[in-house]
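Trainee: Could you pick one part of this protein and give me a close look at how it sits among the rest? Please explain the terms as you go, since I'm new to this.

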Amino acid sequence: MFPASKTTPPTTVNLTVRQGRSRRYLTGKEIERLMDCARKHGRYGHRDATMILVAYRHGLRASEVCDLQWHQIELSEGRLHVRRVKNGTPSVHPIRGDEMRALRKLRREHPSDAYVFVSERGGPMSPIGFHRLIQRLGETAKMPFRIHPHMLRHACGYKLANDGHDTRALQHYLGHKNIQHTVRYTELAVDRFKDFWR
C-alpha cells in the first residue's frame, strides 16, 4: 500500500489499511477486555489496568502516561493537568469516578512515589516497557490484530468524535496544535450524519 499523499485528506481506506493493520484504534469493549486481562494475568494488574484507563480517557501518548507525576493529579478536585509532548497544548481534564477510585488505590499502594506508574525498580515506567506490556496483553486477550499504545490515544479520539463532541473542543482535549490531526476522528465517526434528517 502506498502512503497517502500529504495533500489528500484522510479517508477510511488510507487511515485503516495503511501500515498493514486492520485498524488504528480500539473500541471501548476492547479497552475493557485489555483491562480485564491486565487485572487477571499481570503481576501488577491494578497498575497496568489503571495505566490503560488513564491513557485511554485522556488520549495520552506512551511517553505522556509514563511521565505522569502525582503533582499533576488533584484527587480532591478530580482534575488531571495534562502535559503534552510534540509541542502539544497542555490542558486540565476532569477525572471520572472509576478512574478516581483506581488512582486513589494506586496512591495508597505507593504513597511516596513521584511518578504515578512505576516499574519494579521503583522508577517511572518506560515507553518501551509500556509498549511491551500492551503488546503482551493484546496477545493474552487474543486480540485479532497486533496492538500498541498509540491505539489508546486513537480510541479516545474516535470515542469522543462518535459522542458528537465539537472538533475544536476535541482538538484542545487531545492537545493537537493543528486541527487537521483532529479532523480524521470526526471524518470517520459512524454517527456523524445521524441527525441530518431529523
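Mentor: Let's look at one helix and then at what lies around it.

First, some ground rules: this is a predicted model, where local features need pLDDT of at least 70 and side-chain atom pairs count only at pLDDT 80 or more, while totals for chains, interfaces and linings use all residues. Residues are numbered from 1 along each chain as its sequence is written, and side-chain values use heavy atoms, with hydrogens and water left out.

The chain has 9 helices and 3 strands. Those are DSSP runs numbered from the N terminus: helices are H or I with at least four residues, strands are E with at least two. Starting at the N terminus, the order is α-α-α-α-β-β-β-α-α-α-α-α. Of the 198 residues, 45% are buried, meaning under 20% relative accessible area; exposed means over 50%, and partly exposed is in between (1.4 Å probe, protein chains only).

Our helix is α2, residues 28-41. A helix's expected span is 1.5 Å times one less than its number of residues. With 14 residues, α2 should span 20 Å, and its end C-alpha atoms are 20 Å apart, so the two agree.

Now check which side chains hide. Glu30, Ile31, Leu34, Met35, Cys37 and Ala38 are the buried ones in α2. Looking down the axis, these buried residues fall within an arc of 160°, so they line one face of the helix. (That arc is taken from the directions from the helix axis to the C-beta atoms.) Over on the other side, Lys29 and Lys40 are exposed.

What does the buried face meet? Its residues pack against α3 (45-58), α6 (127-140) and α7 (150-162). Contact here means heavy atoms within 4.5 Å.

Take α3. Like our helix, α3 passes the length check: 14 residues should span 20 Å, and the end C-alpha atoms are 20 Å apart, which agrees. Helix α3 is mostly covered, with 13 of its 14 residues buried. Just after α3 comes Gly59, with a positive phi near 60°.

Both α3 and α6 turn up again at the second largest pocket, which has a volume of about 440 Å³ and is lined by 17 residues. Nearest its centre are Tyr44, Arg47, Glu120, Met125 and Arg136. The elements giving two or more residues to that lining are α3 and α6, and α6 gives the largest share, 6 residues. A pocket is found on a 1 Å grid over the protein atoms alone, as an open set of points with protein on both sides within 12 Å along at least five of seven lines; lining residues have an atom within 4 Å of a point. Grid points are joined across faces, edges and corners, and the volume is the space filled by probe spheres set on the points.

One last link: His58, within the 45-58 range of α3, is among the residues in contact with His93. You'll find His93 in strand β3 (residues 91-94), and at 2% relative accessibility His93 counts as buried. Other contacts of His93 include Leu80, Val82 and Tyr173. The C-alpha atoms of His93 and Val82 are 7.1 Å apart, with the two residues 11 apart in sequence.

Methods. On a 1 Å grid over the protein atoms alone, a cavity is a set of points where a 1.4 Å probe fits but cannot get out, and a pocket is an open set with protein on both sides within 12 Å along at least five of seven lines; lining residues have an atom within 4 Å of a point. Lists of a residue's contacts leave out its neighbours within four places in sequence.
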